[in-house]
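Student: Could you take me through one part of this model closely, namely the nonpolar surface patch and the aromatic and charged contacts around it, and then set the other contacts beside it?

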Amino acid sequence: MKNLKKLSTLRKIKSNNNEAFFLVIRGLEVGIFAGLVSVLYRYLLSFAESGLEHVLEYVANNPLRITLWLILLAVLGVFVYFVNRFEPDASGSGIPQVNAEIKGRLNPSWWRVILAKLIGGTTSVFSGLSLGREGPSVQLGGMAAKGVAKITKADKTTELRMISCGAGAGMAAAFNSPLAGTMFVMEEIHHSFDRNILCMGIVSTVVADYVSKLFFGQNTIFNYTTVTFPLRHYWILILLGILIGLCGVGYTKIMLKSQELYKKLTKIPQYIKLPIVFVISGVVGLVLPQVLCGGHNMVSYLINERPEVGTMFFLLTAKFIFGALCFACGAPGGTLYPLCVLGTYLGAAFGSVIINYTGLPDGLWEEFAVIGMAGFFSATVKSPITGIVLVFELTGNMNNLLPLATVALISYAVSNMLGSEPIYEALLGRLSGKEGLAPFNSKREKVIKSYVIPTGSDLDGKKIKEVEWGRHALIITVERGEESITPNGDVVLQGGDEIVFFVSQRKLDKTCEHLDELFEEQYKPHSITK
């Protein structure tokens with residue numbers, strides 16, 4: 001009996017080692033291809049921004065050239081309209097589309113999305129729209145990973161894991177932030193810590209970051225002289241966290257409302273509305289070029305020139321209004337970096353005012369800027385850990401970790417208290433009209449999904465048979481530490497247990513939605529939609 005038990009243990013160790021090796025190999029594949037696609041997109045947008053600057057210099061103060069430029073922008077707007085028609089799932093940021101695919105709501109063609117995103121995104125940025133590369137890089141990374149999965153004929157469970165990790169790899173390549181890419185997958189896409197995805201995700205994000213740095217170098221995006229924030233003045237950070245939390249709530253509501261208002265203009269067809277936005281972008285570029293594109297020029301201007309507080313607020317307001325219009329029109333491009341830029345300006349403006357009135361060291365204003373970015377990210381995306389790690393990697397500065405965490409967590413708490421919905425979750429809900437575009441109905445293959453019971457959940461202490469899991473979810477094992485428990489109705493669940501399910505592809509969307517609700521902190525039983 002003892003020998004049989006030892007043999008079983010050895011088999012389990014061998015199986016785990018094989019699985020770990022498999023996940024590492026898949027992570028390498030995902031990291032390489034997601035990194036290369038993201039690097040290509042980054043290069044294309046760099047050329048587009050450079051080209052835009054040359055065009056604006058060329059047409060300046062020449063009425064004929066300005067007129068021709070605005071006509072060209074209208075034509076480009078029509079062109080992007082047809083790109084969106086070619087592949088609707090390539091419009092907008094792309095992060096909600098990745099979330100939708102992981103949840104079984106979408107199943108787009110990976111190569112069509114990549115092609116449309118590269119062409120549409122480059123055209124939109126060349127036209128000056130206030131859109132960034134970071135959100136689209138998440139989708140491009142996910143679609144590159146899906147392409148690898150399709151070509152290598154991976155099973156559906158592996159494919160979905162690869163898409164998730166590809167999304168994180170795309171973010172890592174865009175920001176040069178592998179840890180933030182991994183956390184983004186866990187916190188924003190899956191809302192849980194799946195060990196298999198964590199393993200594959202770490203490998204893929206590190207590899208993608210390496211690929212990106214091969215092309216763009218190893219310098220951090222923000223470099224500044226560190227000034228330690230005095231502990232006795234942390235009350236200022238509390239005020240900043242509250243302010244940014246309130247601003248984050250307002251930003252989310254206004255951005256979503258702008259999208260609703262844009263869609264209500266039903267009497268004007270999209271092939272007319274979109275060129276109008278492109279022409280408006282041309283006008284903005286002639287009078288205020290700083291607010292064009294993702295916002296990298298705005299950040300450079302802030303760091304190098306340190307404008308007056310009034311100028312900061314003016315640029316902040318202009319970027320916000322112009323960004324809301326560009327976001328609403330649905331052109332391919334992201335809101336993630338423009339969002340970070342707004343947070344940076346909020347923090348810098350607040351810091352400049354506070355420094356003048358409190359006598360804090362003058363060098364702290366840059367610290368306020370990066371802290372503002374983390375806080376605004378946390379208040380709008382509602383992923384505070386990702387926001388903290390992201391800004392830490394962007395700055396390479398360990399000394400600002402405590403101020404970052406203070407502001408990020410307070411702004412997150414304020415946003416939660418006011419009932420603000422995470423912006424990408426809200427956008428995911430608006431994709432409901434696209435459900436079933438390419439459903440999994442033809443597939444009989446099951447998808448493996450795992451969930452961890454959080455501490456304090458009402459699932460803790462319940463028997464398996466006392467919970468309505470849904471008709472299309474089958475528990476295959478309960479992992480408790482190093483122990484694998486064969487499930488039966490009388491097994492009593494505990495906080496920290498990892499429950500592994502087989503889920504039918506045909507009901508993946510509804511079943512995952514039901515399971516997500518079950519594994520929230522408070523369990524409220526209700527029947528799943530059949």
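Tutor: What follows begins with the patch and then turns to other contacts.

This is a predicted model, in which local features need pLDDT of at least 70 and side-chain atom pairs count only at pLDDT 80 or more, while totals for chains, interfaces and linings use all residues. Residues are numbered from 1 along each chain as its sequence is written, and side-chain values use heavy atoms, with hydrogens and water left out.

Ile-32, Phe-33, Leu-36, Tyr-43, Phe-47, Tyr-210, Leu-214 and Phe-215 make a nonpolar surface patch of about 840 Å². Two elements, helix H1 (2–59) and helix H8 (195–216), give two or more residues to this patch, and H1 gives the most, with five. Patches are made of residues with over 30% relative accessible area and no salt bridge, nonpolar side chains (Val, Leu, Ile, Met, Phe, Trp, Tyr) being joined within 5 Å and like charges within 9 Å; the areas come from the Shrake-Rupley method with a 1.4 Å probe, and for residues only the protein chains shown count as cover. Helices (H or I, at least four residues) and strands (E, at least two) are DSSP runs, numbered from the N terminus.

Within helix H1, Leu-36 counts as partly exposed because its relative accessibility is 39%, given that buried means under 20% relative accessible area, exposed over 50% and partly exposed in between (1.4 Å probe, protein chains only). Tyr-43 and Phe-47 also both lie in H1, four residues apart, about one turn of the helix. Tyr-43 is partly exposed at 31%, whereas Phe-47, at 60%, counts as exposed.

The rings of Tyr-43 and Phe-47 form a stacked aromatic pair, 6.4 Å centre to centre with 25 degrees between the planes. Rings of Phe, Tyr and Trp (its six-membered ring) pair if their centres lie within 6.5 Å, and planes under 30 degrees apart count as stacked, over 60 as edge-to-face and the rest as tilted. Tyr-43 and Phe-47 join Phe-215 and Phe-216 in one aromatic cluster, and the charged end of Arg-42 sits over the ring of Phe-216, 4.0 Å from its centre. The criterion for such a contact is that NZ of Lys or CZ of Arg is within 6 Å of the ring centre and within 35 degrees of the ring normal. Arg-65 has its charged end over the ring of Tyr-58, again with 4.0 Å to the ring centre.

H1 also holds a salt bridge (a side-chain nitrogen of Lys or Arg within 4 Å of a carboxyl oxygen of Asp or Glu). Arg-26 and Glu-29 are three residues apart in this helix, about one helical turn, and their closest N and O atoms are 2.9 Å apart. Arg-26 is buried, with a relative accessible area of 9%, while Glu-29 is partly exposed at 23%.

The structure holds 11 salt bridges, among them Lys-150 with Glu-159 (3.3 Å, N to O) and Asp-497 with Arg-480, whose closest N and O atoms are 2.7 Å apart. Lys-150 is partly exposed, at 39%, but Glu-159 counts as buried, at 3%. In the other pair, Asp-497 is buried at 1% relative accessibility and Arg-480 is partly exposed at 21%.
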